[in-house]
Amino acid sequence: MRVAVVGSGPSGVYAADALVSQDEIPVEVDIIDRLPVPFGLVRYGVAPDHVSIRSVRDTLNKVLDKPGVRFLGNVNVGSPDAGADVTMADLRACYDAVILTYGASRDRQLGIPGEELDGSVAATDFVAWYCGHPDADRELFERLIPSATGAVVVGVGNVAVDVARVLGKTVGELEHTEMPQHVLDTLAQSHITDVYVLGRRGPAQAAWTTKELKELGELLEADVIVRPEDAVLDDASVELAASDRKIGRNVDVVKEWAQRVPEGKPRRIHVWFLSRPIELKGDDRVRSVVVERTRLTPEGRAEGTGEIVEIAADFVVRSVGYRGTAMDEVPFDSGRNVIPHADGRVERDGVPVPGVYVAGWIKRGPTGIIGTNKKDAVETVTSLLSDARTGLLPTPATPGGIDGLLAERGIDVVTTAGWRSINAAEQALGATRGRDRTTIHDRAALLLAARG
Ligand code: NAP
């Protein structure tokens with residue numbers, strides 16, 4: 001059986017691992033990615049200073065070395081009109097089954113006036129830039145960061161924490177990481193002294209996790225500041241904090257911060273709750289964020305109080321979640337921005353599409369930690385193997401035809417060997433400055449490095 005996995009992030013690699021880790025049905029798996037390098041958000045989402053989380057790459061790397069697994073990078077799957085190299089129809093002709101694990105790469109919007117002003121960006125784009133994603137807008141951030149003095153981060157999830165921490169850290173605190181040198185050089189020119197993190201609800205409703213949250217209070221050159229009134233919980237939130245340990249711990253961290261006396265560090269991270277942005281104001285660039293105080297409704301939602309304050313900010317990062325996008329020829333739930341499925345079997349109008357499966361963020365939405373994808377991928381692979389056993393997989397028209405097709409179309413495929421060469425080149429680049437590795441951000445340079 002030949003299976004194509006589209007997307008080489010954790011869910012894709014875990015799916016491949018689950019397929020080749022059983023011996024009932026011999027399987028060959030191709031993990032296809034539009035980028036020349038594997039591992040998706042492990043490489044381009046996990047903050048570079050989260051070194052231990054990034055080390056999951058070692059586990060994922062081992063899967064690529066397993067017999068029966070190939071990496072086919074720099075191969076874009078989708079619509080030819082959008083410049084894709086191969087279509088879903090091509091994959092379905094070449095493989096017995098296709099597992100879609102291409103994640104949720106787009107940002108969500110706030111839908112407030114001024115959001116489109118220069119200086120207002122999506123966290124997805126900022127994160128992509130500081131992780132060295134080949135498609136990141138380097139010029140934009142090299143212009144915005146050195147000329148900014150105040151930042152607002154909207155949202156209180158783990159991505160917001162990452163963004164605030166990267167803005168609050170000194171370059172000395174980031175220098176050991178894999179960040180490309182141009183990112184470190186740009187961050188070194190930052191004059192941002194104040195970073196406001198805005199949660200539209202209270203500390204008990206925040207989406208972040210305690211370990212990640214705590215790090216914000218441990219920065220060398222940045223005080224973390226919480227207004228005492230923001231740490232006071234309503235009755236429902238007190239109950240929430242008492243009944244859920246994670247929420248209780250988050251609330252404890254916030255309460256401790258609210259009692260801190262600022263040490264007079266040169267930077268400040270202000271964490272505001274019950275605060276929602278209602279407008280970004282500016283001229284040629286965003287200059288301020290109009291923030292309305294909220295209160296919690298009995299259902300735990302945020303409603304405006306009419307009390308307004310304006311925060312001076314020339315760099316605004318909306319960190320309000322990721323969003324999945326549709327793939328040509330594949331059913332899509334545009335309300336939830338996921339591919340509809342039952343136990344990982346893709347469904348069109350409630351009926352399974354034979355041979356097409358889904359796992360990861362594009363299956364369940366952008367939630368959970370990296371490990372969540374393992375269980376998720378195993379569920380999908382279990383469905384696929386069961387379908388294989390019961391003869392429900394369609395017969396491909398040109399089994400094994402993918403190599404010929406890619407060659408015919410002149411696609412510069414990066415194989416596992418090519419990725420190993422990139423890996424070595426990144427380690428060698430890092431070693432020139434005493435680091436474990438430095439991310440090569442440029443697509444042409446990655447393709448060159450892949451050739452060894
Ligand atoms: P998230 O956890 O879903 O958080 C989104 C935040 O945006 C929430 O606080 C949400 O508040 C807020 N929000 C949504 N719409 C808003 C609006 N219109 N106005 C104001 N606020 C709004 O998303 P994420 O931070 O992007 O993280 C995605 C996933 O990756 C999560 O599972 C996260 O844990 C994971 N992750 C983990 C790490 C790590 O280090 N472990 C790092 C990064 C990401 P409401 O609750 O009020 O909607």
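How many nonpolar, polar and charged residues does the lining of the second largest pocket have? I looked this up in what is a predicted model. By class, I count two nonpolar, three polar and six charged residues in that lining.

**Entry: second largest pocket**

I noted a volume of about 170 Å³ for the second largest pocket. I then listed the residues that line this pocket: Pro48, Val51, Ser55, Arg57, Asp58, His176, Thr177, Glu178, Arg435, Asp436 and Arg437.

**Entry: ligand shell**

I turned next to the ligand, which 22 residues surround. The closest of them are Asn158, Val159, Arg200, Arg201 and Gly368. By class, I find 10 nonpolar, eight polar and four charged residues in the shell. I also asked which element gives the largest share of the shell, and helix α8 (residues 158-168) does so with three residues.

**Entry: polar contacts of the ligand**

I recorded contacts to both oxygen and nitrogen atoms of the ligand. For arginine 200, a polar side-chain atom lies 2.7 Å from a ligand oxygen. Glycine 368 takes part through its backbone, with a polar atom 3.0 Å from an oxygen atom of the ligand. At glutamate 212, I find an N or O atom of the side chain 3.4 Å from a ligand nitrogen. On its own the ligand has 910 Å² of accessible area, and the protein covers 80% of this.

**Entry: salt bridges**

I find 35 salt bridges in the structure. I examined one of them, in which the side chains of aspartate 30 and arginine 70 meet at 2.8 Å, N to O. This pair links distant parts of the chain, 40 residues apart. I place aspartate 30 in strand β2 (residues 28-32) and arginine 70 in strand β3 (residues 69-72).

Technical notes
Residues numbered from 1 in each chain as written. Predicted model: local features only at pLDDT ≥ 70, side-chain atom pairs only at ≥ 80, totals over all residues. Heavy atoms only, no water. 1 Å grid on protein atoms, 1.4 Å probe; cavity = no way out; pocket = protein on both sides within 12 Å on 5 of 7 lines; lining within 4 Å. Points joined across faces, edges and corners; volume = space filled by probe spheres on them. Nonpolar A, V, L, I, M, F, W, Y, C, P; charged D, E, K, R; others polar. Near = heavy atom within 4 Å. Polar contact = N/O pair within 3.5 Å; in protein donor to acceptor, adjacent residues only side chain to side chain. Areas by Shrake-Rupley, 256 points an atom, 1.4 Å probe, with all protein chains shown as cover. Helix = DSSP H or I, 4+ residues; strand = E, 2+ residues; numbered from the N terminus. Salt bridge = Lys/Arg side-chain N within 4 Å of Asp/Glu carboxyl O.
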